[in-house]
Amino acid sequence: MPFWDLQRQLGIDMDRWLLRQSATQPYGMAGACHAFEREWVECGHGLGQTRARRECQPEYEDFMECMHRTKLAQRLKKILEQRDKMIKEGKYTLPEYHKGEKDTRP
């Protein structure tokens with residue numbers, strides 16, 4: 001995207017469609033992962049594909065985590081497994097509002 005600033009100054013939108021989060025968003029607000037995508041693109045700009053893959057891996061991983069939330073899902077799964085294990089051992093009991101019973105309040 002060598003002419004990114006020139007395009008913005010001229011009001012041309014030639015290559016912004018390449019970026020997922022740079023597309024026009026509702027209410028004109030930036031997408032949730034726009035900052036991560038921008039960091040990744042800026043890191044790889046002018047490096048070449050092979051070198052960019054190697055040097056911009058942390059930025060790419062951050063962007064993918066923001067988009068797909070895989071690490072968050074893995075962490076939540078482990079937390080729930082640990083909770084179930086503690087319930088089975090009798091070390092933890094669910095609060096009243098998590099037992100699925102009807103509310104006794106009037």
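This note goes through the fold, the helices, the surface and the salt bridges of a predicted model.

1. Overall make-up. The chain has 106 residues, and 15% of them are buried. Its secondary structure consists of 5 helices and 0 strands, so that the pattern along the sequence reads α-α-α-α-α. Among the contacts with a separation of 6 or more, 29% join residues 24 or more positions apart.

2. Exposed area. About 9300 Å² of the chain is exposed, and 55% of this area comes from carbon and sulfur atoms.

3. Helix H4, length. H4 covers residues 57-68, which is 12 residues. At 1.5 Å a residue the expected span is 16 Å, and the end C-alpha atoms are 16 Å apart, so the expected and modelled spans agree.

4. Helix H4, buried side. Which residues of H4 are buried? They are Phe63, Glu65 and Cys66. These residues lie on the same side of H4, because the arc they cover around the axis is only 160°. Their packing partners are helix H2 (34-44) and helix H5 (70-89). One of the three, Glu65, is a glutamate counted as buried.

5. Helix H2, buried side. The buried residues here are His34, Glu37 and Val41. They cover an arc of only 65° around the axis, and therefore sit on the same side of H2. A general point about helices applies: an α-helix has 3.6 residues a turn, so residues three or four places apart point the same way.

6. Residues after the helices. Two positions with positive phi are worth a look in the viewer. Gly46 comes just after H2 and has a positive phi of about 80°. Arg69 follows H4, and its phi is also positive, near 55°.

7. Nonpolar patch. Leu76, Ile79 and Leu80 make a nonpolar patch on the surface, with an area of about 250 Å². Leu80 belongs to helix H5. Is Leu80 buried, partly exposed or exposed? Its relative accessibility is 37%, which means that Leu80 counts as partly exposed, since that class lies between the 20% and 50% cut-offs.

8. Salt bridge within H3. The structure holds 4 salt bridges, and one of them joins the side chains of Arg51 and Glu55 at 2.7 Å, N to O. Both residues lie in helix H3 (residues 49-55), where they are 4 residues apart, or about one turn of the helix. Arg51 has a relative accessible area of 40% and is therefore partly exposed. Glu55 is partly exposed as well, at 39%.

9. Salt bridge between Arg83 and Asp84. In this pair, the closest N and O atoms are 3.3 Å apart. Arg83 is partly exposed, with a relative accessible area of 33%. Asp84 is also partly exposed, with a value of 42%.

10. Salt bridge between Glu89 and Lys91. The closest N and O atoms of this pair are 3.5 Å apart. How exposed is Lys91? Its relative accessible area is 63%, so Lys91 counts as exposed. Glu89 has a relative accessible area of 45% and is partly exposed.

11. Points to check by eye. In the viewer, a reader could begin with Phe63, Glu65 and Cys66 of H4, then turn to the residues of H2 and H5 against which they pack. The patch of Leu76, Ile79 and Leu80 can be viewed next, followed by the Arg51 and Glu55 pair.

Definitions and conventions
Residues numbered from 1 in each chain as written. Predicted model: local features only at pLDDT ≥ 70, side-chain atom pairs only at ≥ 80, totals over all residues. Heavy atoms only, no water. Expected span 1.5 Å × (residues − 1). Buried < 20%, exposed > 50% of the residue type's maximum accessible area, 1.4 Å probe, protein only. Arc of directions from axis to C-beta. Contact = heavy atoms within 4.5 Å. Patch = residues over 30% accessible without salt bridge, like charges linked within 9 Å, V, L, I, M, F, W, Y side chains within 5 Å. Areas by Shrake-Rupley, 256 points an atom, 1.4 Å probe, with all protein chains shown as cover.
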